[in-house]
Amino acid sequence: MASESRLYAFSPETKEKLRKFRLGTSRAKDPQAIIYIIDQKNQEIRPEDGEVYTKMEDLADELPDSSPRFILLSYPLTLKSGRLSVPYVLLYWLPENCNPNSRMMYAGAVELMRNTAEVNRVIEVEEDDDIISIESKLQSED
């Protein structure tokens, strides 16, 4: 665990964005998602473009076919019990045909991302349909 924190870093700005996103999305009426990448030049974990996605289809369209990503997702939904819930999860985008180096790099950073973003759950997703139908996965595991 100590070694992964030396391998990958978050800038103070990124840490602040993570905190604001977590606090700011808890009352949102729509899903909120931000894509994070590991910058290979400096091993920094940062937002890919800063865009906040509210439609799962748009999010799925933005994800690359052959490299992993981290996606922070806050997803308001009504549980079967009728209670409103806003799960805050980390989606770990790991497409089937991604290169082994990228796969290893992201695998080594997933716990650091989880802890720094303060999410409770990591959900591995590997195709567009996993993203588009994420609500059913969130419903079934809450």
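Trainee: In this predicted model, which residue of strand 7 is the bridge partner of Tyr92?

Mentor: The bridge partner of Tyr92 in strand 7 is Glu124, and this belongs to a pairing of strand 6 with strand 7 that runs in the parallel sense over five bridges. Since two strands count as paired from at least two bridges, the five bridges between strand 6 and strand 7 meet the criterion.

Trainee: What makes the crossover between those strands a right-handed one?

Mentor: The chain goes from strand 6 through helix 4 to strand 7, a β-α-β path, and a crossover is given that name if, with the strands pointing away from the viewer, the path runs clockwise; the connection here is assigned as right-handed.

Trainee: What is known of how helix 4 lies on the sheet?

Mentor: Helix 4, residues 100–117, packs on the sheet and touches strand 1, strand 2, strand 3, strand 6 and strand 7, while its direction makes about 175° with that of strand 6.

Trainee: Why is the pairing of the sheet called mixed?

Mentor: The five strands form an open sheet in the order 2-1-3-6-7, and strands of a sheet may pair either parallel or antiparallel. Strand 6 and strand 7 pair in the parallel sense, whereas strand 3 and strand 6 run antiparallel, joined by six bridges, and strand 1 with strand 3 is likewise antiparallel, over five bridges. Both senses therefore occur, and the pairing is mixed.

Trainee: What makes strand 2 and strand 7 the edge strands?

Mentor: Strand 2 (44–47) and strand 7 (121–125) each pair on one side only.

Trainee: How do you know that strand 6 is largely enclosed by the rest of the structure?

Mentor: Six of the six residues of strand 6 are buried, so the strand is largely enclosed. Both of its faces are covered, with Tyr88, Leu90 and Tyr92 buried on one side and Val89, Leu91 and Trp93 buried on the other. Among these, Leu90 stands opposite Leu72, and Leu72 is in turn the bridge partner, in strand 3, of Ile34.

Trainee: Why is Arg69 called buried?

Mentor: Its relative accessible area is 13%, and buried means under 20%, so Arg69 falls on the buried side of the cut-off. Arg69 has its place in strand 3, and, leaving aside neighbours within four places in sequence, its contacts include Ile35, Glu48, Leu91, Trp93 and Tyr106.

Trainee: Why is the pair of Phe70 and Tyr92 called tilted?

Mentor: The ring centres lie 5.7 Å apart, which is within the 6.5 Å limit for a pair, and the planes stand at 40°, neither under 30 degrees, as stacking would need, nor over 60, as for edge-to-face; the pair is therefore tilted. Phe70 in strand 3 and Tyr92 in strand 6 are 22 residues apart, and both are buried.

Trainee: What makes the pair of Phe70 and Tyr106 tilted as well?

Mentor: Their centres are 5.0 Å apart and their planes at 55°, so this pair is tilted. Because Phe70 lies in strand 3 and Tyr106 in helix 4, the pair ties together parts 36 residues apart in sequence; Phe70, Tyr92 and Tyr106 form one aromatic cluster.

Trainee: Where does the predictor's confidence fall below 50?

Mentor: The pLDDT is below 50 over residues 1–5, a stretch with five contacts in the model beyond near neighbours in sequence, while the protein chain averages 91 and 95% of the residues score at least 70.

Key. Residues numbered from 1 in each chain as written. Predicted model: local features only at pLDDT ≥ 70, side-chain atom pairs only at ≥ 80, totals over all residues. Heavy atoms only, no water. Helix = DSSP H or I, 4+ residues; strand = E, 2+ residues; numbered from the N terminus. Contact = heavy atoms within 4.5 Å. Axes fitted to C-alpha atoms, helices over the stretch in contact; angles between N-to-C directions. pLDDT = per-residue confidence, 0-100. Buried < 20%, exposed > 50% of the residue type's maximum accessible area, 1.4 Å probe, protein only. Phe/Tyr/Trp six-rings, centres within 6.5 Å; stacked < 30°, edge-to-face > 60°.
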